[in-house]
Amino acid sequence: MEYDMLKGLRHSETLLVEHKDTAAVYGSGALEVFATPAMIALMEKTCLESVANKIGEGNTTVGIAVNIKHLKASPVGATICCEAELVEVDRRRLVFKVKCFEGDTLVGEGIHERFVVDSEKFMSKF
């Protein structure tokens with residue numbers, strides 16, 4: 001299947017920061033603020049969902065690289081909106097530009113790469 005036609009695809013997901021999403025809970029810090037690993041998970045989910053129904057039945061994507069900057073802390077109760085744009089396609093490798101906002105404030109940004117795999121074939125390796 002050709003995935004080039006997906007280039008330029010955009011998708012967004014929103015998350016209300018809860019206690020379970022904090023650095024203190026993740027162990028990535030000691031404070032009750034939106035954890036960097038939680039932000040990365042939101043970015044990955046946004047990218048995953050953007051192509052989930054467009055890559056063929058039985059296929060999914062797996063994350064293979066992240067290069068992310070967490071620019072500003074967000075408290076519990078904040079609403080975070082993640083925006084993803086598919087900016088590069090190299091056969092089955094998909095490269096996304098991702099940004100997270102709290103309101104109009106950019107709180108994180110970077111690049112996330114995913115790879116299209118056949119779910120059954122991938123899992124049979126284990």
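**Figure 1. Strands β2 and β5 pair in a predicted model.** Strand β2, residues 59-70, is joined to β5 by 11 bridges. The two strands run antiparallel. One facing pair is Asn-59 and Asp-118, the latter in β5. The structure shown here and in the following views is a predicted model.

**Figure 2. Strands β4 and β5 form a hairpin.** Between β4 and β5 there are 10 bridges, and these strands too run antiparallel. Glu-102 stands opposite Thr-105 of β5, and Arg-93 stands opposite Phe-115, again in β5. The hairpin has 2 residues between its strands. Gly-103 takes a positive phi near 65° in this hairpin.

**Figure 3. Strands β3 and β4 form a hairpin with Arg-91 in the turn.** Here, 10 bridges join β3 to β4, and the strands run antiparallel. Glu-88 has Val-95 of β4 as its bridge partner. Two strands of this hairpin are separated by 2 residues. Arg-91 lies in the loop between β3 and β4. Its phi is positive, about 55°, although Arg-91 is not a glycine. Is Arg-91 buried or exposed? The relative accessibility of Arg-91 is 69%, and residues over 50% are called exposed, so Arg-91 counts as exposed.

**Figure 4. Five strands make one open sheet.** The strands of the sheet are ordered β1-β3-β4-β5-β2. Their pairing is antiparallel. Which strands stand at the edges of the sheet? They are β1 and β2. Each of these has a single partner strand, so one side of each has no neighbour in the sheet. From one strand to the next, the twist averages 25°.

**Figure 5. Helix α2 lies across the sheet strands β1, β2, β3, β4 and β5.** The helix runs at about 140° to β2. Thr-36 is a residue of α2. Thr-36 is partly exposed, with a relative accessible area of 33%. This value falls between the limits of 20% for buried and 50% for exposed, which is why Thr-36 is placed in the middle class. In sequence, Thr-36 and His-70 are 34 residues apart. In space, their C-alpha atoms are 6.4 Å apart.

**Figure 6. The largest nonpolar core contains 27 residues.** The members that touch the most other members are Tyr-3, Met-43, Ile-80, Leu-94, Phe-96, Val-98 and Cys-100. At least two core residues come from each of α2 (36-51), β3 (79-90), β4 (93-102) and β5 (105-118). Which element gives the most to this core? It is α2, with 7 residues. In soluble globular proteins, nonpolar side chains tend to be buried together.

**Figure 7. Phe-96 has contacts with residues far from it in sequence numbering, including Cys-47 and Arg-114.** Neighbours within four places in sequence are left aside in this view. Among the contacts of Phe-96 are Cys-47, Ser-50 and Val-51. Ala-84, Glu-85, Leu-86 and Val-87 are also in contact with Phe-96. Further contacts of Phe-96 are Gly-110, Ile-111, His-112 and Arg-114. Phe-96 is one of the core members that touch the most other members.

**Figure 8. Asp-21 is a buried loop residue.** The loop that holds Asp-21 lies between β1 (10-16) and α1 (23-26). At 5% relative accessibility, Asp-21 is under the 20% limit and therefore counts as buried. Leaving aside neighbours within four places in sequence, Asp-21 is in contact with Leu-15, Leu-16 and Tyr-26, among others. The other contacts are Val-33, Phe-34, Ala-35 and Ala-38.

**Figure 9. The whole chain has 3 helices and 5 strands.** Starting at the N terminus, the elements follow the order β-α-α-β-β-β-β-α. The C-alpha atoms fill a box of roughly 45 × 35 × 20 Å along the principal axes. The chain has a radius of gyration of 15 Å, which agrees with the value near 14 Å for a compact globule of 126 residues. Of these 126 residues, 33% are buried. The accessible surface is about 7200 Å², and 51% of it belongs to carbon and sulfur atoms. Among contacts with a separation of 6 or more, 65% are between residues 24 or more positions apart.

Terms used:
Residues numbered from 1 in each chain as written. Predicted model: local features only at pLDDT ≥ 70, side-chain atom pairs only at ≥ 80, totals over all residues. Heavy atoms only, no water. Core = buried A, V, L, I, M, F, W, Y, C linked by side-chain atoms within 4.5 Å. Buried < 20%, exposed > 50% of the residue type's maximum accessible area, 1.4 Å probe, protein only. Helix = DSSP H or I, 4+ residues; strand = E, 2+ residues; numbered from the N terminus. Contact = heavy atoms within 4.5 Å. Pairing = 2+ DSSP bridges. Axes fitted to C-alpha atoms, helices over the stretch in contact; angles between N-to-C directions. Rg over C-alpha atoms; globule rule 2.2 N^0.38 Å. Areas by Shrake-Rupley, 256 points an atom, 1.4 Å probe, with all protein chains shown as cover.
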